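Let's take a walk through this fold together, one helix at a time. Have the chain open in your viewer and follow along.

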Amino acid sequence: MPISRSNKPTVLITMGDPLGIGPEVTVKALASRKISRLANYFVIGDARALHPGSGKGPIEYIDEALRLLKKGEADALVTAPVNKSSIRRAGISNFRGQTEYLAEHTGTKNYAMMFVGGRFKVTLVTRHIALKDVPSALSIDSIYKTIILTHKYLKKFFGIRNPKIGVAGLNPHSGEEGLFGDEEASYIIPAIRKAGRSLKCISGPIPPDVVFYNALNKKFDAVISMYHDQGLIPFKMLYFKSGVNLTLGLPFIRTSPDHGTASDIAGKGIADPTSMIEAIRLACRLALKKMTCSPRAN
């Protein structure tokens, strides 16, 4: 059905895994006065899939959202969590996550995951890969592009005129001049120098056990993390219930709550909607910012 347009952004919400807490936190979030008036909302899901669930269902919801976004009928997308294993069992064997799926189906080559909690922001260079594969996955180009993307979003969407970015090292003490590894010298330092040719206030490599403390104390506006858990452990220590995952680089605003499907508590009515509320609120805020910068035709 056609989606009506107004001066408010139109936000699509996919309900995620039907057997997870996605449907519950979506309903609870939309009932919250904090966000109910911020946008026009359109939920994509299928009540029939709730009993029983289907791995293909969540992908169909994403595909429908992509169709509407490509037609210009929406300004932002918020995705509830999905079960990767269920989706793979349903026949999509190469599914790695919604972020990668959205990037692939929009032809986006340069993208990244930024986790947002208040002023605390962390962007990942590598995402869903085994820890043993992280060193070989790093490159000057991948680190450089992550820095550039982060700087762009901090300036354009978060209104930070001169973003200060701290780049984490990979190894203890950032390698200590090669004593504990050479990734800093081989990839991270050259990437920082490359970014520094056009950007100011890029610092690093900073030992991983220091950089997040500095960010929390407002020395940096964002931290570039080399791998998933390096960034997510400190982030979730602070914003476990309210953190938001923002995808950088897509042709539209996309956020998601910073939690999984939590199928063990699904259907019990006890799921906390805070992260979904914050994901929707951030999507509305950034979509409105984008609309203001690039007014769309009526």
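Helices α8 and α9 are oblique to each other, and a look at their geometry shows why: in this predicted model, α8 (residues 208-216) and α9 (residues 228-239) pack at an angle of about 40°. An angle counts as roughly parallel only under 35 degrees, so this pair falls into the oblique class. The two axes lie 11 Å apart, and the crossing of α8 and α9 is right-handed. If you would like to see who does the touching, pick out P208, F212 and L216 on α8, then Q230, G231, P234 and L238 on α9. Sorted by class, this contact holds 5 nonpolar and 2 polar residues, with no charged ones. The spacing of residues along a helix is worth keeping in mind here: an α-helix has 3.6 residues a turn, so residues three or four places apart point the same way.

Next, move to α1 (residues 22-30), where G22, P23, E24, V25, T26 and A29 are buried. What do the buried residues of α1 pack against? Their partners are β1, β2 and α10 (274-293). The axes of α1 and α10 come within 8 Å and cross at roughly 60°, which makes α1 oblique to α10. This crossing, too, is right-handed. On the α1 side you will find V25, T26, A29 and L30, meeting M276, I277 and I280 of α10. Here the contact consists of 6 nonpolar residues and 1 polar residue, and no charged residues take part.

Now turn to α2 (residues 56-70), and try a quick ruler check. With 15 residues at 1.5 Å a residue, α2 should span 21 Å, and its end C-alpha atoms are indeed 21 Å apart. Its buried residues are G57, P58, I59, Y61, I62, A65, L66, L68 and L69. The cover over them includes strands β1 (10-14), β2 (40-44) and β3 (76-79), along with helices α3 (84-89) and α4 (98-105). Just after α2, G72 takes a positive phi of about 80°.

To finish, zoom in on T14, a residue of strand β1. Is T14 buried or exposed? Its relative accessible area is 1%, and since buried means under 20%, T14 counts as buried. Setting aside neighbours within four places in sequence, T14 is in contact with Y61, I62 and A65, which are among the buried residues of α2. The other contacts of T14 are I44, L77, V78, T79, A80 and Q98.

Key:
Residues numbered from 1 in each chain as written. Predicted model: local features only at pLDDT ≥ 70, side-chain atom pairs only at ≥ 80, totals over all residues. Heavy atoms only, no water. Axes fitted to C-alpha atoms, helices over the stretch in contact; angles between N-to-C directions. Helix = DSSP H or I, 4+ residues; strand = E, 2+ residues; numbered from the N terminus. Parallel < 35°, antiparallel > 145°, perpendicular 65-115°, else oblique. Left-handed = near helix turned anticlockwise from the far one by under 90°. Contact = heavy atoms within 4.5 Å. Nonpolar A, V, L, I, M, F, W, Y, C, P; charged D, E, K, R; others polar. Expected span 1.5 Å × (residues − 1). Buried < 20%, exposed > 50% of the residue type's maximum accessible area, 1.4 Å probe, protein only.
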